[in-house]
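Biologist: I am new to reading protein models, and I would like a close look at one part. Could you take me through a place where two helices pack together?

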Amino acid sequence: MPLVIELFRRMGAAQVINDQVRLKQQQRGLPPAQLVERLLGLWRAGGDRCQDLKTLGTDAALAILVGEELSAATTIRDFLEAFHVEHLPLWRAGEKTAVPAESAPLAGLGLTNQGLLAAMQVEARGFFDSTVGINETTIRQYVRHQGERETSHAQLEL
């Protein structure tokens, strides 16, 4: 779990979330990114409900690894409930199906997701999704390099 949280922090996800996710009130003074970080940690640890944070919260070593105590289950639950907004307009799909419009906080998470995916694509090295504008020599070097990497990984596994 600490590795997931460290990756979350190094990717700059916290800043993107804090910039994009707007809630009517700050939950217990914690920024949205810190609460999302707790949810990621909870899911990584195998938890599937807010109450599972009580168990994780008793682990002093985990708090040291993460760098702070985990949030209370009620704090996380309140954060999740802030994404639900009553009386939003409904999108109709036929006579019997209606889906509420996206709330502003949920739209912020969507923008966060788009921003993080775009950043990860920029950071991905050695990946070509198109050959337009790439000459044959560059492609051959890339394929050779990938083959060498796979060979070295296979040798390490042996």
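Modeller: Happily; here is a walk from the whole chain to one helix pair. This is a predicted model, where local features need pLDDT of at least 70, side-chain atom pairs count only at pLDDT 80 or more, and totals for chains, interfaces and linings use all residues. Residues are numbered from 1 along each chain as its sequence is written, and side-chain values use heavy atoms, leaving out hydrogens and water.

The chain holds 8 helices and 2 strands; these are DSSP runs numbered from the N terminus, with helices (H or I) of at least four residues and strands (E) of at least two. In sequence order they read α-α-α-α-α-α-β-β-α-α.

Now to our pair. Helix 3 (residues 32-44) packs against helix 6 (residues 73-81) at an angle of about 110°, and their axes are 10 Å apart. Axes here are lines fitted to C-alpha atoms, for helices over the stretch in contact, and angles run from 0 to 180 degrees between N-to-C directions. That angle makes helix 3 roughly perpendicular to helix 6, a label for angles of 65 to 115 degrees.

Who touches whom? On helix 3, the contact is made by Pro32, Leu35, Val36, Arg38 and Leu39, while helix 6 brings Thr75, Ile76, Phe79 and Leu80. Contact means heavy atoms within 4.5 Å. Sorted by class, this contact has 7 nonpolar residues, 1 polar and 1 charged. Here Ala, Val, Leu, Ile, Met, Phe, Trp, Tyr, Cys and Pro count as nonpolar, Asp, Glu, Lys and Arg as charged, and the others, Gly among them, as polar.

Definitions and conventions: Parallel < 35°, antiparallel > 145°, perpendicular 65-115°, else oblique.
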